[in-house]
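Biologist: Could you take a close look at a single part of this model, a helix pair if there is one, and then relate it to individual residues elsewhere in the chain? Please give the cut-offs for each term as you use it.

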Amino acid sequence: GYHPVQIGDSLNRRYQVVSKLGWGFFSTVWLCMDLSGRRVAVKVLKSGAGFAQAGQDEQALLRYSSSPVSRHPSSQRIVQLLDEFKLVGVNGVLCLVLELLGPSLRTWQLCLGNPGLMQPWVKQILTQVLQGLDYLHTRCKIIHTDIKPENILLHPKEHLKEISVKIADLGSSCWVYKHFSEEIQTRQYRSLEVLLGSEYGPPADIWSVACMHIGQIVELLGRIPPEVLHSGKHSAEYFDRRNLRRVDPVRPWRLYDVLVEKYNFLLEEASEFSNFLLHMLDYHTERRATAAQCLQHPWL
Ligand code: ADP
Ligand code: MG
């Protein structure tokens, strides 16, 4: 269902295609120059049957999070919708014109390799991601549902000394009060409640910010209380009465110890950082820290 686009095409008589920025399951994304010479990203959505509805949902969510009604300083932490139009195609090809952003955190991670980003930068990035989520959750009542490094894009305009990032790809997002799918999140970042098939909400995004696998979850965070463990419709696939199926017995290795023993954290840093993360990884969604609470944590 990808719509064919060529370099040099003029989309909607307004956006000249300069190069390809990227692509995903739902779209191709193009660097374009508009009539005033401004550079923008045009996301050309797939139009095949089954994709049209997803495109319209993304459009509605982006319109809302970019609208002046919900205007707030932290709205700048979410990619902004600038314009939209349709191309002639099977079902009419929906195109979303977005502000131009830079490469994703994932690209950065791959370029940097080990040991990765310096901690002051990690803190800046996390602060900005949490500000964006606080805005989405509290003001817009939107759950992003696909928080991962691929969807955090660098904002190129700023000085090199400071980092600025934005949350992108609302392509699988949903409303707090209207979900589109039971199967949300990319596997490595999938929260306990979604793995188990229980109710989910904004806390699922917070988990993704911190995140890992179910076996590792138990190793790191300890036994899952029975009321949580049996709350989901997939619970029986993962657990017999108390233990994980198909997984070697777990060897507990607490987050604090992992930070000290594996990552050579100083004791005090390890204690503050693990405290920060453990609030985001609370098994009980109603107790899990909100984005606003995370922003108050002394570690940041
Ligand atoms: P999908 O919903 O198909 O996954 P995304 O919105 O994630 O599409 O976009 C696919 C890719 O296009 C991204 O991974 C990124 O590389 C690039 N991209 C998307 N939006 C922008 C943007 N505003 N500025 C620059 N590149 C972008
Ligand atoms: Mg994507």
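Modeller: What follows starts with one helix pair and then turns to single residues. The model is predicted, so local features are given only where pLDDT is at least 70 and side-chain atom pairs only at pLDDT 80 or more, whereas totals for chains, interfaces and linings use all residues. Residues are numbered from 1 along each chain as its sequence is written, while chains are lettered from A and ligands numbered from 1 in the order in which they are written.

Two packed helices are described by the angle between their axes and the distance between the axes. Here the pair is helix H9, residues 255-262, and helix H10, residues 267-280, whose axes come within 9 Å and cross at roughly 140°. That angle makes H9 oblique to H10, given that angles under 35 degrees count as roughly parallel, over 145 as roughly antiparallel, 65 to 115 as roughly perpendicular and the rest as oblique. The axes are lines fitted to C-alpha atoms, for helices over the stretch in contact, with angles running from 0 to 180 degrees between N-to-C directions, and the element names refer to DSSP runs numbered from the N terminus, namely helices (H or I) of at least four residues and strands (E) of at least two. The crossing of H9 and H10 is right-handed, the term for a near helix turned clockwise from the far one by less than a right angle, with anticlockwise giving left-handed.

On the H9 side the contact is made by Leu-255, Tyr-256, Leu-259 and Val-260, and on the H10 side by Leu-267, Ala-270, Ser-271, Phe-273, Ser-274, Leu-277 and Leu-278, where contact requires that the C-beta atoms of two residues, placed from the backbone, lie within 7 Å. By class, the contact of H9 with H10 has nine nonpolar, two polar and no charged residues, with Ala, Val, Leu, Ile, Met, Phe, Trp, Tyr, Cys and Pro taken as nonpolar, Asp, Glu, Lys and Arg as charged, and the others, Gly among them, as polar.

Between H9 and H10 the loop contains Asn-264, which has a positive phi of about 55° although it is not a glycine. Asn-264 counts as exposed because 10 C-beta neighbours fall inside 10 Å; on this scale 20 or more other C-beta atoms within 10 Å make a residue buried, 12 or fewer exposed, and values in between partly exposed, with C-beta atoms placed from the backbone. On the other side of H9, Trp-253 sits in the loop from helix H8 (235-238) to H9 and is partly exposed, having 13 other C-beta atoms within 10 Å. Apart from neighbours within four places in sequence, Trp-253 is in contact with Glu-219, Leu-220 and Val-258.

A second positive phi, near 75°, belongs to Gln-185, again a residue other than glycine. Gln-185 lies in the loop between E10 and H4 and counts as buried, with 24 C-beta neighbours inside 10 Å. That loop, from strand E10 (174-175) to helix H4 (192-196), also holds Thr-186, which is partly exposed with 15 other C-beta atoms within 10 Å. Thr-186 touches Asp-146 and Lys-148, not counting residues up to four places away in sequence.

Lastly, UniProt lists Lys-43 for "binding site" in an unreviewed entry, and such annotations, given in the numbering used here with shortened feature names, may be inferred rather than shown by experiment. Lys-43 is placed in strand E4, residues 39-45, and is buried, with 27 other C-beta atoms within 10 Å. Leaving aside neighbours within four places in sequence, the contacts of Lys-43 are Ser-27, Val-29, Cys-95, Leu-96 and Leu-98.
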